Amino acid sequence: MADLLNHAVYGLRRSAIREYSALAAKTPGCVALTLGEPDFDTPSSVIDTTCTSLHHGETHYIANNGDRQLLEKISAFEKEHNGLFYSADEIIVTAGATEGLFVSLFGILNPGDEVIIPTPAFGLYEQIVLMCRGVPVLMDTSQDGFQIRKQKLVQFVSDKTKAIIINTPNNPTGCIYDEESLAAVVDVIDGKNMFVICDDVYRQLIYTDDYHSFAERSEYRDQIIVVQSYSKPYAMTGWRMGYLMMPQSIKERLELIHQYVVVSTPAPFQKACLEALDCDVSAIRNTYEKRRAYVMDRLEKMGLSFTVPLGGFYVFPSIEKYGMTSDMFCRRLIEEAKLALTPGSCFGCEGHVRLTYCYDDGALKEGLDRLEGFLRKLEGTSL
């Protein structure tokens with residue numbers, strides 16, 4: 001009977017990030033710096049608001065696109081904090097950024113349509129494109145400082161290109177696309193029937209004033225779909241809440257997909273999201289920034305090269321000089337040093353590993369001590 005399944009499912013792969021985390025969990029004493037899982041708890045005010053909502057009996061169906069109060073709050077938040085102008089009627093509250101990405105890609109892709117994905121990139125993009133019968137077109141940016149350059153991008157555009165996915169700050173590099181990168185995207189979509197999907201879920205975790213989302217290019221508003229999430233800035237990964245923003249004409253079609261996939265997100269969780277938008281995440285961001293400084297200092301002393309992460313909570317050092325695949329490097333690291341990192345192959349970029357620094361100081365120190373010991377063994381030096 002398995003042969004009767006939708007043919008698209010046969011090309012899908014399990015999350016390699018999860019596989020390495022599971023391998024670490026099966027290894028006694030292993031320190032895992034793999035998952036992008038904030039070590040903070042969800043703000044207590046968000047939890048209290050949810051409990052109050054439940055006690056008040058707010059456990060019934062809710063409007064498909066989201067509670068009107070929440071939609072208006074999101075609209076005001078994006079205008080005030082990010083300079084993005086989307087009305088409540090141009091927003092859909094989704095089951096995390098994951099559903100937002102699925103709804104977006106399912107809604108715009110016809111079989112054979114191509115989606116350009118600058119790599120390294122979160123593996124979810126490629127798999128969702130495949131599920132939607134699209135063609136993922138992976139564009140390596142590792143030779144360009146993890147930036148998008150026009151002379152390379154134009155080589156990946158064809159008459160079948162339907163969209164490009166922009167994730168900035170980027171997972172796994174922590175890099176922010178510079179003005180030249182954003183201008184390159186403008187040059188290829190200008191006058192064409194192409195969409196830009198802006199995955200800006202790390203926007204509130206930025207360590208520089210020099211940041212701009214492609215979504216700010218209001219002259220291309222009709223071609224932009226913005227994906228957001230509550231998971232990372234508010235430590236709400238398990239709540240599975242996010243939202244989409246797009247022109248109303250597009251939203252009127254995508255909301256039907258959302259309606260038939262999830263109906264609506266949970267009513268009490270929408271109250272939680274209302275409260276979350278009032279939370280100040282600066283203390284969390286400052287903690288990540290301090291951890292980033294510590295991790296970079298340790299990696300530099302180990303002789304590992306990396307591009308300075310300007311957002312998120314990842315760093316993506318090069319391991320090319322050790323002459324092995326990232327998968328082999330990470331497997332040996334687990335077996336020999338009891339430390340789990342994520343291989344660059346998970347993100348379409350060999351020669352690197354992803355280290356996540358949304359872990360407490362003790363875990364980071366222990367993990368980096370083990371990494372240093374492992375590297376010294378590889379280099380043939382004594383501890």
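**View 1. The cavities of this predicted model, with a look inside the largest one.** There are three cavities of 30 Å³ or more. A cavity here is a set of points, on a 1 Å grid over the protein atoms alone, where a 1.4 Å probe fits but cannot get out. Grid points are joined across faces, edges and corners, and a volume is the space filled by probe spheres set on the points. The largest cavity holds about 50 Å³. Its lining (residues with an atom within 4 Å of a point) is made of Phe77, Glu78, Asn82, Gln204, Gln228, Ser229, Tyr230, Tyr234, Tyr243 and Leu277. Two elements, α3 (68-82) and β7 (224-229), give two or more residues each, and α3 has the largest share with three. Helices (H or I, at least four residues) and strands (E, at least two) are DSSP runs, numbered from the N terminus.

**View 2. The largest pocket, about 1100 Å³.** A pocket is an open set of points with protein on both sides within 12 Å along at least five of seven lines. Of its 43 lining residues, Ser15, Ile17, Thr98, Phe122 and Leu124 are the closest to the centre. Helices α1 (16-25), α4 (96-108) and α5 (124-131), plus strand β3 (114-119), each chip in two or more residues; α5 brings the largest share, six.

**View 3. The second largest pocket, about 310 Å³.** Fifteen residues line this one, with His81, Asn82, Arg203, Gln204 and Arg285 nearest its centre. Both α3 and α10 supply at least two lining residues, and α3 gives the most, three. Asn82 and Gln204 also turn up in the lining of the largest cavity.

**View 4. Helix α12 and what it packs against.** Residues 361-378 make up this 18-residue helix, which reaches 26 Å from first C-alpha to last, close to the 26 Å expected at 1.5 Å a residue (that is, 1.5 Å times one less than the number of residues). Buried here (under 20% relative accessible area, 1.4 Å probe, protein chains only) are Leu364, Gly367, Leu368, Leu371, Gly373, Phe374 and Leu375. They pack against β1 (31-32), α10 (282-302), α11 (326-337), β10 (339-340) and β12 (353-356), with contact meaning heavy atoms within 4.5 Å.

**View 5. The two ends of α12.** At the N-terminal end, Asp360 acts as the cap, with a side-chain oxygen 3.1 Å from the backbone nitrogen of Gly362. Just past the helix, Gly380 takes a positive phi of about 75°.

**Notes.** Local features need pLDDT of at least 70 and side-chain atom pairs pLDDT 80 or more, while totals for chains, interfaces and linings use all residues. Residues are numbered from 1 along each chain as its sequence is written, and side-chain values use heavy atoms, leaving out hydrogens and water.

Note on methods. Buried means under 20% relative accessible area, exposed over 50%, partly exposed in between (1.4 Å probe, protein chains only). A polar contact is a pair of N or O atoms within 3.5 Å; within protein, one must be able to donate a hydrogen and the other to accept it, and residues adjacent in sequence count only if both atoms are side-chain atoms.
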